[in-house]
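Take a moment to turn the model around and get a feel for the chain. Then follow along as we walk through it, step by step.

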Amino acid sequence: MTAAPQTGIKNADDLINLAHAFGLTITVETTTRETLTSYVVRFAIPVPVAYAGTELGRAIAGDTLTLLWTRSKKKGARGCLVDATVGSAVASRKVRTLHEVNAAVDTLGHSSAKYARDAAPFPEDVTDAPHALYINGELRREGVPAAQVRRIVKNRRFNGRIVHQDEQGAIHCDTRRYVPQSAAVAEQPAATAEAEQLLGTGEEWEQTFNMFGKDPKTKIIDRADALKLIAWALEEDWAVYRPTTGGLSLENTTGESSYWLRPATPERQHVRTVNGGAPVLIPTRDALAEMNNAMMAPGKHAVREMSESRAHARIVYRDERGTVDLRPADAGATPAVQEQRPTVQELTGAIDDSHLASLADMYPAIADGTAIPVRADMIRPGMDVIAAVRLEDRTVDTVKVWNGPNPWVRVTWTTRTHADSVSGDARVFGPDHHLIVTAESLNRVYGTTPTVRPTAQELTGEIEDDELAHLTETYPAIADGTAIPVRADMICPGMDTVTSSYGPRTVSNTRLYDGRTPWIWFEWTTAIKPSDECGFSPSRHLPVTRDSIDRLYGAAEAPAPRPGAEALAPRPAAEILAADPIPADTSVWEGMPGTPSGPGLLPTPDALNAEEYAVQIRSGRMWVLPNHDDGAHMTQAGVISALARVRKNSADHIRASVDTDGTVYLSNGHQAARYIPARLIAGYRTDVCPGCNTPYATNGDGPCAGGSSAGQEAPADDAKTRRRAEGFAAKWWAEQHTEEPTDDRLRTTFANCVKPPRPELYPAIREAITDSTPPAAAAPLFAALAAREAADEAADLAPATLHRLVNHLETLPLAAPPALHERLRAARDTAEGAWESLRAAHSLSAKTAARSAAKDAIVRVRAAILSVQPHARRMHGTDMPHTADSIRAAALAYMHVGATPDETDAIKSGTAEVRVDCRPDTGTGWTVTARITAGIRDVGWFLPAHPPIIVKFRRVDGRLSPADNARKVIGSMLHVDVPVKYNNPARR
């Protein structure tokens, strides 16, 4: 390659050298004037021959960078960059700084390497014949081996240098041209019989050239070149003999130079393992090429993380390749496992019955069928062996087999936890020695899954009703029956898990960490996001689609009908929906059929004997269908979720029962619903209203005209009744009643009204009271925390802060039992009197007396607040709300006093999240202070739900930011169902 032109300006010459290293086309035009010298430096991408004349070639030729440099002729003058233009085939732009110019040259260089690599021939395209070397059209050398030309092409492709192959098969590299020689030109002198006899057998040879005073040079040559070298040495009367060290030695008469030929050593190999699967032997050069590609651009952009040491590497790709482990293959290393899984007889081999019985007595896993004895010579990497080292379970790392006179098998292990013994422990066994291998690891190594389909109960395991309700609300696929919750330790590769962000994702690999705190590592593939991975507890439930379970295990058999279900033939919808077993003068709470369970008890999921249900709700004295926009269809999972939700909200005041036909009745004293099995309704369809037989897609949003029990019509004054109930509920809360709204309390509260409500209106009043619960009553602790903060702020004895404290005390009785209302009102009156005194005081003595009275009032207020909520002294981590609904209710109560209408609307419509604001100390920075706050995020602001929780800790990793350290230290302590956001301090 020719030398790069120079300008004498340091910055310009540095850019020229950089472009020259990238192989860009460089032109420098110099113009000399009286007072200065100007240089026009232009960088361009060389167009590969394959792209010449094409649209891409014209676009490549248009990518240029033009620089105008000037330097005055005065003594000591420096160069100046006057103008810089980055051009393309369609537009151009100016760059102002030297940093931008460097970036533009770097971009051109990488683009040039990419175009050159894409257009360059592959090493396999080189003609398999000796080549003649021409430099600037002049023949310089003949007989260049094809292997050498292939290496040149391979190296130039890797480095992004221009290389081209014409129609005659000649390789063009800058001014050099490698032309395949014809048979006549390439014909070499025939090797003598003596050379053939001396060389012996072998296709590749290692040639070492020694010259006196210089270092030896070694390279690999083929058999033809070795014969040619020996024949030449014989013609030159060199000494050719076989030394005792082996090989063939060629020495000249003076002994100053010599050649040593010996058979090339077998190609080294590496073991490549993908996603913990079966190991495969590959050439070492391919393994090193993969490592090099993962460490350098552009290949490194597809790598998430990588570690490499002494030819060992672990590469985690971002795409579907997943995790790749590379390590040198030992002599005799076990090759890849068979594509077809061996039978149990092949794995176990010949084993005596008495020996098998003793193993079954010693290892319970053999007795229960979760493990089998496997011969040592059938062991493969990745298998889990029970009691492998010091009674510790281990995973096989490498296997080395010796098939000599006394054969043996050497096995090394990997540990599972830090408490295990040294991972390098190796054991040597006889080939017929039996090791106890788990069946699960056999399925993992050979890529097969169990053929017996687990039941739905086995897949789901034990699950709390609250967790099932949360999963049903979060994932509609569970509610509509197309997915089921599956324990993490029951998920196999090939199952599709449902997510809220990326749609269904297919599990590609699972790995178990069976330590003191076990967890399972999952890897997924999706069409949108190629690869992702995450870890879960084995008891964690993930939604899995039924279709993927059927694809793995085959379609499930239809469940057997429950006893008595065959006798319940479908009937018309009007007849089923009109039936009402509740007596006319009895509430659903008292008259529900079947055996009621409660209070606080619910039917178990096994008691629900239908997959689909039709819902009716109680309105007055009749059953009606929900509005068309809500729909009457519900799956079994939806019914379980509804039962769990009601129990969570009214744990001490619910009753439920299951009738003989499978209908589920539910009541909390204020509201009631029943869930009728869909199989009882003739012609039932999920997309059609069973009351009016019209599709939900076209029947509007209003109530259903049919579907009422006993043919009764809805009362005409339903809206008026609702308005009256809401008015009485407003009066109830205005008088700050916090007790249970029983019939006696409602009668006493509204006895002095002009028109007291009738007892028939009491259920509607209770419903309205529940719906209109004030924020302070919904979240009393956070209302008390806000009042306590107001009391602390009032310590400055300013009238404005005292007035704000009085406003808090106005609403605080709603968060307290009735016995404390009088104390709170007295504290409010005292604070209000102090506020008035401070406003009216003008003289020094009056101001002193007013300030003293204000201090006493604040002390009384603090004591009253703590009597309502003792935890209001400060915010505890265990009191932090952890669900979206609880955070929203807490924010409404905490910011109720003084919140603007916009803030209230933002709390109701915003997104709940937990923020962890991290700030290092101003000294060494090793101490981090974290402020943990749950609240509502909306556009432009974050509205807290409680005072911040302050946590101070010492960094665990100085290389990470304060937020990353906080995620490591306190991330496992935050058990919330909303997103957690870690923030670093803002830069000033």
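The paragraphs below begin with the chain as a whole and then visit some of its residues.

Keep in mind that this is a predicted model. The protein chain has 988 residues, and 41% of them count as buried. Along the chain you will find 30 helices and 43 strands. How much area does the protein chain expose? The figure is about 53800 Å², with carbon and sulfur atoms supplying 52% of it. Contacts tell you about the fold too: take those in the protein chain with a separation of 6 or more, and 57% of them are between residues 24 or more positions apart.

Let us begin our tour with two residues and their surroundings. Look for Gln207 in strand E11, which covers residues 204-211. Is Gln207 buried or exposed? Gln207 counts as buried because its relative accessible area is 10%, and the cut-off for buried is under 20%. Which residues does Gln207 touch, leaving aside neighbours within four places in sequence? Its contacts are Lys217, Thr218, Lys219, Ile221, Leu229, Tyr259, Trp260 and Leu261.

Now move along to Arg223, in helix H7 (residues 223-235). Arg223 is buried as well, with a relative accessible area of 19%. Again leaving aside neighbours within four places in sequence, Arg223 is in contact with Glu196, Leu199, Gly200, Thr201, Gly202, Glu203 and Trp205. Pick out Gly200 from that list: 23 residues separate Arg223 and Gly200 in sequence, while their C-alpha atoms are 9.9 Å apart in space.

Next, come out to the surface. Arg141, Arg151, Lys219 and Lys228 form a positive patch there. Lys219 may ring a bell, since Gln207 is in contact with Lys219. Another member of the patch, Arg141, sits in strand E7 (residues 138-144). Arg141 is partly exposed, at a relative accessible area of 41%.

A patch of another kind is made by Phe158, Met295 and Met296: this one is nonpolar and has an area of about 290 Å². Met295 belongs to helix H8, residues 284-295, and is partly exposed at 45% relative accessibility. Follow the chain on to Ala297 and Pro298, which are joined by a cis peptide bond with omega at about 0°. Pro298 is in the loop between H8 and strand E18 (303-309).

Charged side chains can also pair up. How many salt bridges are there in this model? The count comes to 22. One of the salt bridges is between Asp377 and Arg375, with an N to O distance of 2.9 Å. Asp377 is partly exposed, at 26% relative accessibility.

Asp580 and Arg618 also meet through their side chains in a salt bridge, at 3.2 Å from N to O. Asp580 is in the loop between helix H17 (573-578) and helix H18 (588-591), and Arg618 is in strand E33 (residues 612-619), so this pair ties together parts that are 38 residues apart in sequence. The two partners have their own settings: Asp580 is partly exposed at 26% relative accessibility, whereas Arg618 is buried at 18%.

Another salt bridge brings together the side chains of Arg828 and Glu810, at 3.4 Å from N to O. This pair links distant parts of the chain, 18 residues apart: Arg828 is in helix H26 (residues 821-840) and Glu810 in helix H25 (residues 799-811). Arg828 is buried, with a relative accessible area of 19%, while Glu810 is partly exposed at 33%. Salt bridges can join up too, and here Glu305, Arg314 and Asp325 are linked in a network.

Our last stops are about the backbone. Asn693 is not a glycine, yet has a positive phi, near 60°. You can find Asn693 in the loop between strand E38 (672-677) and helix H20 (718-734), where Asn693 is exposed at 62% relative accessibility. Leu797, also a residue other than glycine, has a positive phi near 60°. The place to look for Leu797 is the loop between helix H24 (780-793) and H25. Is Leu797 buried or exposed? Leu797 is buried, with a relative accessible area of 6%.

How values were computed:
Residues are numbered from 1 along each chain as its sequence is written. This is a predicted model: local features need pLDDT of at least 70, side-chain atom pairs count only at pLDDT 80 or more; totals for chains, interfaces and linings use all residues. Side-chain values use heavy atoms; hydrogens and water are left out. Patches are made of residues with over 30% relative accessible area and no salt bridge: like charges are joined within 9 Å, nonpolar side chains (Val, Leu, Ile, Met, Phe, Trp, Tyr) within 5 Å. Accessible areas come from the Shrake-Rupley method with a 1.4 Å probe; for residues, only the protein chains shown count as cover. A salt bridge is a side-chain nitrogen of Lys or Arg within 4 Å of a carboxyl oxygen of Asp or Glu. Lys and Arg count as positive and Asp and Glu as negative; His and the chain ends are not counted. The place of a charge is taken as NZ of Lys, CZ of Arg, CG of Asp or CD of Glu. Helices (H or I, at least four residues) and strands (E, at least two) are DSSP runs, numbered from the N terminus. Buried means under 20% relative accessible area, exposed over 50%, partly exposed in between (1.4 Å probe, protein chains only). Contact means heavy atoms within 4.5 Å.
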